[in-house]
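Work through the exercises below with the sequence and the coordinates side by side. Try each task before turning to its solution.

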Amino acid sequence: MVSEEEGDGGPHLAAAILHAREGRDLLAAHRTGEAVEAYRRALPYAERAVADGHGPHVDLVEFHSYVHDMLGLLHLNRTELAEAERHFSRALELTASVTPSGPRVARHLNGLGAVARARGDLGEALRRYREALGHAAVVDAPAESLATYTSNIGTVLFALGHYDEALVLFRRALETDERTDPGAAATDLSLIAAVLVERGDLAGARDNYTRALALHRAADPRSAETARELVNLGYVQRLSGDLEGALRHYLAALAIDREHGEETAETATDLNNISFVHKERGDTATALEYAEAAVAISRSRAPHSPRTASHLVNLGTLYADQGRYDRARDAFEEALAVDRAAAPRSPETARDLGNLASLALRENDLDRAEAHWTEALRLYEATVPDSQHTAVAHTNLGALAHRRGRRAEAEAHFRTALATDRRVLPDGEPTVVDLVNLAVLHEEDGQLDAVVRLFTEAAAIAERLRLRAGPPQARDDRFARDHRIFRSLVHALLRRGAPGDEAEAFSAAERARARGLADLVARGAVLRAPDPADTDSGDGLRRLLAEEQALQRALLAVHLRLRDGEGDDRPSPGEAQLPSLDGRVGVPGSAPRAVLLARRHDLQEQLERLRLRMNAEFPRYAALGGLDHRTLADARHGLDAGTTLLVHHVGVARGVLWAVRHDGHRTVPVPLGEAGLRELVDRALAGCRAGTAPGDDDLRAAAGLARLLLDPVADLIPPGQRIVVVPEGPLLYLPWEILPSGDGVLADRHVVSYAPSVTVLSALRAAPARPEGEPARPFAGFGVVAGGGSPLPGSREVELIAADHGPGAVALTGADVDRAAVRRWSSGAAVVHFATHGVLDDTEPMFSGLLLGAPHRSAPGPSGAEAEDDVLRVYEMFGLDLNAEVVVCSGCETALGRTHAGEGLLGMSRALFHAGARCLVVSLWSVPDTPTRRLMRAFHRHLRHGDPPAVALAAARRQVRRSHPHTYAAPWTWAAFVLVGAGEAIFPRSGESCDDTDTRSPAAYSG
């Protein structure tokens, strides 16, 4: 930049320099938009300064050119390519008018090359970069500028798939830049890492990216360059299966890039990368929203850029996963057109062909699929041989060969893919896919040893992928994708039948069951027993958990509006917006749908950042390893002589039942798979769900279930034996108590309880016992009221039960029941009882809950979230501080929720176990009021008498069925409530007698 004394620019030069300095300072402060305006203000003064100087004074012209060049650079960084090209071209024209060759000309040519590269015109970019190098080389240009132009040429060669040539140029540039320019050296390291990624050397790539990030952070931790290295490290972590680490880096990059502009090519890339993480976790809906946002920005900024093509590919893949093949094809073909125009022989073009081939395969167009994949493999082998890309091509050609019955060809492709993926991505999803593909081939040939070995390796990788996926819901989603591997392993082991295979199959089934819940139970235990060596950890973690709940409340507000169809695409005139939790503009009372979706994205990102922070700052709470799964030997060891454990594994076409006692076990094949069992369960429960007596078809279906599940193990369940059922799939909805047994039903002869898994049951049983002496309070009950304040049956229920529990019991009803009261009075209670109804949200299980008052929609609160809406949501239950032997949810359908492969029902039971409940009593269908109140009173009296919860519930059922046979003739009146968890705890005896004088004492059930 010239000084005010140079030339004869007069006052206009002084003004131009003032604005240019302002722009430079704003740019240093990352206030890019304001910097653009400052340089724009400088531009007319710079033009007038040339006129004031009475002609093309060299310094004045070059200063004028400098302002154009800076504007070109700023517009390029904001992906405003037309404006960037205009300014770089004018800068080149001005400089060439006074200095036809040299470093300044090279600089402007380099800028024009960058514009061409951003547009995807790689041929023009290569020409401009080579011109720039030529101009810089004819004079005594600084070595660092020569290195820059050399590196830029390498980037184009890299994009064209010429990796060896590119790597030579990058290393040549690094030799110079390490001596002269740390920032440029960081860029060189990053470019070398990119080549290593394409060659499959992830460890080497990670090392180079880490070095590059350290250099950029040292120079400016909030720079665009720092953001790019965060993205690069996230990419390597994602390839390695570390989704939590990848997301942490992607979100950090997004935060930096948004400081430079909300809708730039960089923010689009960040959104697309975040979409990838959600897709690989299994959250397709969120992934799609991020992908659509990324493509919208990319199309508006650089529609013909290879980066836009990459975003289109991700979007098309998500459309294909949803079965929206026409939209997927449009996205893939648009991407192919962009990449073929830019670099027809590049790996990106091969990728696009592969995506179109996969789509053709889904539509059973085998010829088109094979042609596309063969061409893709040829391009990959010419550019990136022996890479993850060639492995993908071999995997898909193998699937195609298998579809056409060419088994040997399929195996050859699969083995080639596995050999590459084991080297490049040993713990990645592609390796899992290769192992499963080979296992399926060997299973068809009856080679069971190979099948078991391959599925065992795939299952081990799947578990490691689950642990690296991130927060609990992400782990659940990730594991659901791989649940079939464990199911296949179970059946392969049982089919092989070698010594020890039954025990291994049990172990594999347990590893596939409720692992997320096991992690949550472990987390809850850590929260209730913080590290004594760190006195601040408990308070710090609770503060973060409170922030998490505040974000969940804000998300709930948006979710309810979107669910109820609020928000269209037209903003309301003069509509005021409300401040959000973080001070940004929040959601108005009636917002356009686009605003609601944007707000949800914002809140979801804040929630992700917070959870990542919790995991990083409190690794014990993160419980990354969860609980070790229980083996068959563990299960036997944990049983007394009076208990039989029935563990189910439900497959697609068949299942298996393990009947386990302390002295042995029996494995029983079940000839029905998931669909067949669902049909039988639905028929058996038709009357219960409708609130009627069972019909003949109900009874026949129940008898069929008894023949399948009870008769083969009847000799292991003598009268009086306790039964603990670990159900799966459709059996999660079945109360075994209604199944015929002898001349009655199972409830007449046995105490039945349920557990999500043997692992979770063991953890609940091992929870620290309540301190000696009486609990803080024996009972805390909460009953709802109807609209207008009139009592519902639940109000009367808790009052009567509290009276039965005696001194210290608390019963709250009506307006006294709110969140604060639930938190206060449930803490420390031995028994917690909710006499209310369940509120189910199948799309977002965390927003299900228990009704606390009359249902209504409240007005928006001051933070843009719903005001207290009379529903205690699942996410709030996680924050309760329970030490309860039993929590009763006495209402309609409180046991239900969305089913999730590998986890069972996602609902309030998970939250209550995390909060400290040892067992739950919940309902499977809508229950009648008066019969429920009588049943619940009997249950609590048995608890006061000293019966364990499972025994108390069984005894209460028998009592009311005997005392009121007409009322309880149909199972729908008495069988809805089931006990889940560790229901064997003995309560302090009250010394009072129990109404059911015929009930057997707990000792009578010991066998």
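The exercises that follow move from the whole chain to single residues, and they concern a predicted model.

**Exercise 1. The chain as a whole**

Describe the secondary structure, the burial and the exposed surface of the protein.

Solution. Begin with the secondary structure, which comprises 40 helices and 18 strands. Next consider burial: of the 1007 residues, 58% count as buried. Turning to the surface, the protein exposes about 38700 Å², and carbon and sulfur atoms supply 52% of that area. Finally, among contacts with a separation of 6 or more, 69% join residues that are 24 or more positions apart.

**Exercise 2. The nonpolar cores**

Find which members of the largest nonpolar core touch the most other members, and list the contacts of Val887 beyond its neighbours within four places in sequence.

Solution. The largest nonpolar core has 146 residues, and Trp736, Val887, Leu912 and Phe939 touch the most other members. Helix α22 (residues 448–467) gives the most to this core, with nine residues. Apart from it lies another core, of 107 residues, which includes Leu76, Ala125, Ile274 and Ala369. For the contacts of Val887, leave aside the neighbours within four places in sequence; what remains is Val832, Phe834, Leu882, Leu912, Ala917, Cys919, Leu920 and Val921. As background, nonpolar side chains in soluble globular proteins tend to be buried together.

**Exercise 3. Two helices and their cover**

Compare the expected and the actual span of α16 and of α7, then determine which elements cover the buried residues of α16 and of α7.

Solution. Take α16 (residues 325–342) to begin with: its 18 residues reach 26 Å from the first C-alpha to the last, close to the 26 Å expected at 1.5 Å a residue. Its buried residues are Ala328, Arg329, Ala331, Phe332, Ala335, Leu336, Val338, Asp339 and Ala342. Their cover includes α6 (122–137), α15 (306–321), α17 (347–362) and α18 (366–383).

Now repeat the procedure for α7 (residues 143–159), whose 17 residues should span 24 Å and whose end C-alpha atoms are 25 Å apart, which agrees. Because 12 of the 17 residues of α7 are buried, this helix is largely enclosed by the rest of the structure. Among the buried residues of α7 are Tyr149, Asn152, Ile153, Val156, Leu157 and Phe158. The elements that cover them include α5 (103–119), α6, α8 (163–180) and α9 (182–198). Just after α7, Gly161 takes a positive phi of about 90 degrees.

**Exercise 4. Asn364**

Is Asn364 buried or exposed, and where does Asn364 lie?

Solution. Asn364 lies in the loop between α17 and α18. Since exposed means over 50% relative accessible area, Asn364 counts as exposed at 52% relative accessibility. The backbone also deserves a check, for Asn364 has a positive phi of about 65 degrees although it is not a glycine.

**Exercise 5. Aromatic pairs**

Classify the geometry of the pair Phe506 and Trp658 and of the pair Phe782 and Phe834.

Solution. The whole structure holds five aromatic pairs. In the pair formed by Phe506 and Trp658, the ring centres are 5.4 Å apart and the planes stand at 85 degrees, so the pair is edge-to-face. Phe506 belongs to helix α24 (residues 501–511) and Trp658 to strand β2 (residues 655–661), so the pair ties together parts that are 152 residues apart in sequence. Both Phe506 and Trp658 are buried.

For Phe782 and Phe834 the ring centres are 5.3 Å apart and the planes are at 25 degrees, so this pair is stacked. Here Phe782 lies in strand β8 (residues 777–783) and Phe834 in strand β10 (residues 829–835), 52 residues apart. Both Phe782 and Phe834 are buried.

**Exercise 6. His649**

Which strand holds His649, and is His649 buried or exposed?

Solution. His649 is placed in strand β1 (residues 643–650). With a relative accessible area of 1%, His649 is buried. Beyond the neighbours within four places in sequence, the contacts of His649 are Arg487, Val490, His491, Ala509, Gly655, Val656, Trp658 and Glu728.

Conventions:
Residues are numbered from 1 along each chain as its sequence is written. This is a predicted model: local features need pLDDT of at least 70, side-chain atom pairs count only at pLDDT 80 or more; totals for chains, interfaces and linings use all residues. Side-chain values use heavy atoms; hydrogens and water are left out. Helices (H or I, at least four residues) and strands (E, at least two) are DSSP runs, numbered from the N terminus. Buried means under 20% relative accessible area, exposed over 50%, partly exposed in between (1.4 Å probe, protein chains only). Contact means heavy atoms within 4.5 Å. Accessible areas come from the Shrake-Rupley method with a 1.4 Å probe; for residues, only the protein chains shown count as cover. A nonpolar core is a set of buried Ala, Val, Leu, Ile, Met, Phe, Trp, Tyr and Cys residues joined through side-chain atoms within 4.5 Å. The expected span of a helix is 1.5 Å times one less than its number of residues. Rings of Phe, Tyr and Trp (its six-membered ring) pair if their centres lie within 6.5 Å; planes under 30 degrees apart count as stacked, over 60 as edge-to-face and the rest as tilted.
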